[in-house]
Amino acid sequence: LWCIMDFCAPGLLGNAKAFAAQYQTPLKNEDIDIVALGNKLHDRLGIYFMRRLKKDVAKDLPNKYEIKEEYNMPDVQEDIYQRAVKLYLDGIQSNMLLTIQDIRTISEHPYLYESSLLDHNYEELIATSARLKLTVSFIEQIRSKNEKVIVFADRKETQKMLQRIFFEKFGIVAKIINGDTPTIITNNHNNVETRQSSIDTFQGVNGFNIIIMSPIAAGMGLNVTAANHVIHYSRHWNPAKENQATDRAYRIGQLKDVFVYYPMATSPKFTSFDKTLDELLSRKTSLATSTIFPTERMEVKEDDFKILFK
């Protein structure tokens with residue numbers, strides 16, 4: 001920012017050393033009021049800095065509706081979740097970050113954590129995961145409207161689980177776009193599809209269809225406006241990247257209202273990982289819209305989940 005402004009309006013932000021001391025060094029302090037610091041810098045930039053958001057510019061875009069729905073974990077999921085937390089609290093599993101990763105996995109599906117997905121039929125898999133129950137319910141509603149949906153999930157094991165369930169439940173062979181899906185193919189001897197050809201196949205189907213995407217691999221550059229429903233089965237820890245994933249459907253060329261779903265596994269006995277993550281992401285999103293600092297600063301960190309163990 002200093003380099004750009006020193007070129008556009010020399011001297012406006014002073015010299016680089018003074019700028020760093022005033023605006024960069026304070027960011028090392030986790031307790032710094034980023035909003036106040038951002039407003040101070042924004043005021044100093046004055047008319048030389050203008051931020052234009054999509055909602056301010058793309059007036060022809062249809063409406064976007066966000067649906068956050070909570071569902072209490074089935075007994076199996078809740079028991080495995082509490083067992084993982086207890087291992088940490090009892091000192092058996094002393095690494096808090098590993099425990100956070102464990103409960104994050106269990107929140108997606110308890111049998112994903114136990115590596116036993118293949119031991120259960122699709123009905124058992126649906127019945128034992130709150131997130132999965134909600135996701136299937138959302139897709140049933142989408143099917144009744146004869147519309148298309150993108151399901152975002154970051155783990156390959158989760159993507160394969162969802163693909164299996166969507167086939168057995170809905171009869172749909174859902175394409176998967178992740179880091180293994182090439183952007184281009186030079187010598188295709190194995191009939192491998194590129195990311196764009198997978199999307200073209202998905203969009204070419206009349207009516208209801210499902211596609212599964214990694215929020216990282218498909219988070220930018222792809223146009224999937226045939227889908228007007230987006231389900232974040234796995235949530236990205238950076239709200240800006242999560243929004244970029246949603247924008248595969250909510251972009252210029254979209255003619256229908258877009259519905260974005262966030263299924264959350266909860267419990268009446270404790271504050272769940274999903275509930276905590278949603279609150280942290282909401283806070284970070286609010287922070288991002290109030291400042292002009294890099295989005296990396298807005299990412300949820302694993303240390304933010306310490307509150308789960310207090």
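Colleague: How do you know that the span of helix α10 is close to the expected one?

Modeller: Helix α10 covers residues 156-170, which gives 15 residues. The expected span is 1.5 Å multiplied by one less than the number of residues, and for α10 this comes to 21 Å. The model reaches 20 Å from the first C-alpha of α10 to the last, so the two values are close. Helices here are DSSP runs of H or I with at least four residues, strands are runs of E with at least two, and both are numbered from the N terminus. The model is a predicted one, in which local features need pLDDT of at least 70 and side-chain atom pairs pLDDT 80 or more, while totals for chains, interfaces and linings use all residues. Residues are numbered from 1 along each chain as its sequence is written, and side-chain values use heavy atoms, without hydrogens and water.

Colleague: Which residues of α10 are buried, and how do you know on which side of α10 they lie?

Modeller: The buried residues in α10 are T158, Q159, M161, L162, I165, F166 and F170. They lie on the same side of α10 because their arc around the axis is only 160°. The arc is taken from the directions that run from the helix axis to the C-beta atoms. Buried means under 20% relative accessible area, exposed means over 50%, and partly exposed lies in between, with a 1.4 Å probe and protein chains only.

Colleague: Which residue follows α10, and what is the sign of its phi?

Modeller: G171 follows α10, and its phi is positive, near 70°.

Colleague: Why are α9 and α10 called oblique to each other?

Modeller: The axes of α9 (residues 130-144) and α10 cross at roughly 45° and come within 12 Å. Those axes are lines fitted to C-alpha atoms, for helices over the stretch in contact, with angles from 0 to 180 degrees between N-to-C directions. Angles under 35 degrees count as roughly parallel, over 145 as roughly antiparallel, 65 to 115 as roughly perpendicular, and the rest as oblique. The angle of roughly 45° falls in that remainder, so the pair is oblique.

Colleague: What is the handedness of the crossing in which α9 passes α10?

Modeller: The crossing of α9 and α10 is right-handed. That term applies if the near helix is turned clockwise from the far one by less than a right angle, and left-handed applies if it is turned anticlockwise.

Colleague: How many disulfides does the count give, and why is C3 in no bond with C8?

Modeller: The count is 0 disulfides. A disulfide requires a pair of cysteine sulfur atoms within 2.5 Å. The closest cysteine sulfur to that of C3 belongs to C8 and is 11 Å away, so it is too far for a bond. C8 is likewise in no disulfide, with the sulfur of C3 as its nearest cysteine sulfur at 11 Å.

Colleague: Why are C3 and C8 called exposed?

Modeller: The relative accessible area is 60% for C3 and 51% for C8. Each value exceeds the limit for exposed residues, so both cysteines are given that label.

Colleague: What makes the phi values of S115 and N146 worth a remark?

Modeller: Neither residue is a glycine, yet phi is positive, about 55° in S115 and near 60° in N146. S115 lies in the loop between α7 and α8 (122-127), and N146 lies in the loop between α9 and β2 (148-152). S115 is exposed at 69% relative accessible area, whereas N146 is partly exposed at 49%.

Colleague: Why does Y113 count as partly exposed?

Modeller: Y113, in helix α7 (residues 110-113), has 28% relative accessibility, which lies between the two limits, so it is partly exposed. Its C-alpha is 6.9 Å from that of D102, 11 residues away along the chain.

Colleague: Why does V300 count as buried?

Modeller: V300, in the segment after α13 (273-290), has 1% relative accessibility, so it falls below the limit for buried residues. V300 and H236 are 64 residues apart in sequence and 8.9 Å apart from C-alpha to C-alpha.

Colleague: How many of the 310 residues in the protein are buried, as a percentage?

Modeller: Buried residues make up 45% of the 310. The protein has 13 helices and 6 strands.
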